[in-house]
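Let's take a walk through this fold together, stopping at a few places where side chains and backbone are worth a second look. Please keep the viewer open as you read.

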Amino acid sequence: MTSALEKYATSSVPRYTSYPTAPHFVSEFPESVYRGWLAQLDQDEPISLYLHVPFCKQMCWYCGCNMKLAARYEPVATYFKHLLDEVELLADAMPARMPVAHLHFGGGTPTVLDPDDLATLMAVIADRFRLVENAELAIESDPRTLTDAMVEKIGAIGFTRASFGVQEFDPKVQKAINRIQPPDMVENAMDRFRSVGVNKLNFDLIYGLPYQTAEDLRRTVEQCIEMKPDRVALFGYAHVPWVASNQKMIPTEALPTPVQRAEQARAAADALVKGGYVRIGIDHFALPGDTLAEAAKNGALHRNFQGYTPDASPTLIGIGATSIGRTPSGYVQNISETGAYMRAVAAGKLPVARGHAFKDQDELRAHVIERIMCDGKVDLTAAGRQFGVADDWYANEREAIEQLQTDGVITYGNGQLALTAAGQPLARVVAAVFDTYLRNSSVRHSIAV
């Protein structure tokens, strides 16, 4: 482990799926402002939709998502009806029947929905929005609870991509995180999806889990490679029990050290690259020819609340409790508590809880942070000129830039900043240099590696 990695690995920094990040959104954001943003959308510019289903049939100890256990379907059915109503409210607030190029169901576990309810929801979306030709329709799934009826319905609707939370195949680790999921269960789920025409499949893996070793994760990666998912996301476990109380079930003493976490990440990444996957950004991998790999190769990679994406749309509409969306004017986040969310929708209100209107240098700094996270490099001078500011716009960051250069994390000269090979795992640390909201903030984030 290099001295730079040792110095910065435990830094508390955001994951930068937005800028500013969600903790810095303003509370009690006016619904009227969001309605104004929606009314101003370019009716010819494709948008993206994200729908959040915050229910699972089983609790995973590592999970940091906003989710609720669904021991029976009645609460899910009630929530589903309010999702339908929110879709209608949003469509009514827009200037036209907007084109949609990307749609993603996340959670929780979206496949906890009744198959017919999922079909009804998709029919309403298709009626109120216009799915463009070759639109990507993606859904997250849990192999442990995935039914044949749901698989068949997903295929019939025309979904193009499905994602699985694999995390780790080692039995001891699975027991510690309360997610028992043997490899053959995952492979069977993949086979079922492929049999109905859903051929683009994603895996999520996690390093930094309790009792996990680099060798455990390497074996898991090799098993995954044999199944040939199109994309693999390799996330570092974020132990935030002050946010997710279920993580208190994970013994802190069983977690790997920062040095061990870095070794795990490196071992997994090396195995994926050796297995033919293209490394993308800090934590994604894709087979050559996948749209994500193509976007990375062509400098067209982006980052949003689902992670790395080829989706270039400036508008992402979040639907459902706790969903976060973006328009060209700023960010909005829905109410997190499902009861309050449903009461707002029932009252005919867009269920907005928090938001942020872009101001000052927000869009410039968002662009710089995204390029660091996506490309590992950025032309700071060109970025400033693109957004109409003086070449010395980052004068206050010069000292931190020079320190990172001294530490071997980046190269810098003539306004050109680039991560070194040693600095690639520290992209979030470099991006944080340009985050003016992070300074003097008491918000706690996960560690950098």
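How many aromatic pairs does the structure hold? There are 13 aromatic pairs in this model, which is a predicted one. A pair of aromatic rings is described by the distance of the centres and the angle of the planes, and two of the pairs make good stops for us.

Start with F25 and Y331. Their ring centres are 5.5 Å apart and their planes meet at 15°; an angle under 30 degrees counts as stacked, so this pair is stacked. The pair ties together distant parts of the chain, 306 residues apart: F25 sits in the loop between helix 1 (3–8) and strand 1 (26–27), while Y331 belongs to strand 16 (residues 330–334). Both F25 and Y331 are buried. If you look around them, you will find that F25 and Y331 form one aromatic cluster together with F305 and F358.

Now turn to F55 and Y79. Here the ring centres are again 5.5 Å apart, but the planes are at 70°, so the pair is edge-to-face, the cut-off for that being over 60 degrees. This pair also links distant parts of the chain, with F55 in strand 3 (residues 55–56) and Y79 in helix 3 (residues 74–93), 24 residues apart. F55 has a relative accessible area of 4%, so it is buried. Y79, with a relative accessible area of 1%, is buried as well.

One more ring deserves a visit before we leave the aromatics. R303 lies over the face of Y308, at 4.5 Å from the ring centre.

Next, find helix 5 (residues 148–157). Which residues of helix 5 are buried? They are M150, V151, I154 and G155. An α-helix has 3.6 residues a turn, so residues three or four places apart point the same way. The buried residues fit that picture, because they cover an arc of only 135° around the axis, which puts them on the same side of helix 5. On the other side of helix 5, E152 and A156 are exposed. What covers the buried residues? The cover of those in helix 5 includes helix 4 (115–128), strand 6 (130–141) and helix 7 (183–195). Just after helix 5 comes G158, and its phi is positive, near 110°.

That brings us to the backbone, where two peptide bonds invite a closer look. The bond from Y19 to P20 is cis, with omega near -5°. P20 is in the loop between helix 1 and strand 1, and F25 of the stacked pair is also placed in the loop between these elements. The second cis bond runs from G107 to G108, with omega near 20°. You will find G108 in the loop between strand 5 (99–107) and helix 4, and helix 4 is among the elements that cover the buried residues of helix 5.

Finally, let's follow the chain to either end of helix 8 (214–227). In the loop between strand 8 (200–207) and helix 8 lies Y211, whose phi is near 65°, a positive value in a residue other than glycine. Is Y211 buried or partly exposed? Its relative accessible area is 38%, so Y211 is partly exposed. In the loop between helix 8 and strand 9 (231–236) lies K228. K228 is not a glycine either, yet it has a positive phi of about 60°. At 55% relative accessibility, K228 counts as exposed, because the cut-off for exposed is over 50%.

Methods
Residues numbered from 1 in each chain as written. Predicted model: local features only at pLDDT ≥ 70, side-chain atom pairs only at ≥ 80, totals over all residues. Heavy atoms only, no water. Phe/Tyr/Trp six-rings, centres within 6.5 Å; stacked < 30°, edge-to-face > 60°. Helix = DSSP H or I, 4+ residues; strand = E, 2+ residues; numbered from the N terminus. Buried < 20%, exposed > 50% of the residue type's maximum accessible area, 1.4 Å probe, protein only. Lys NZ or Arg CZ within 6 Å of the ring centre and 35° of its normal. Arc of directions from axis to C-beta. Contact = heavy atoms within 4.5 Å.
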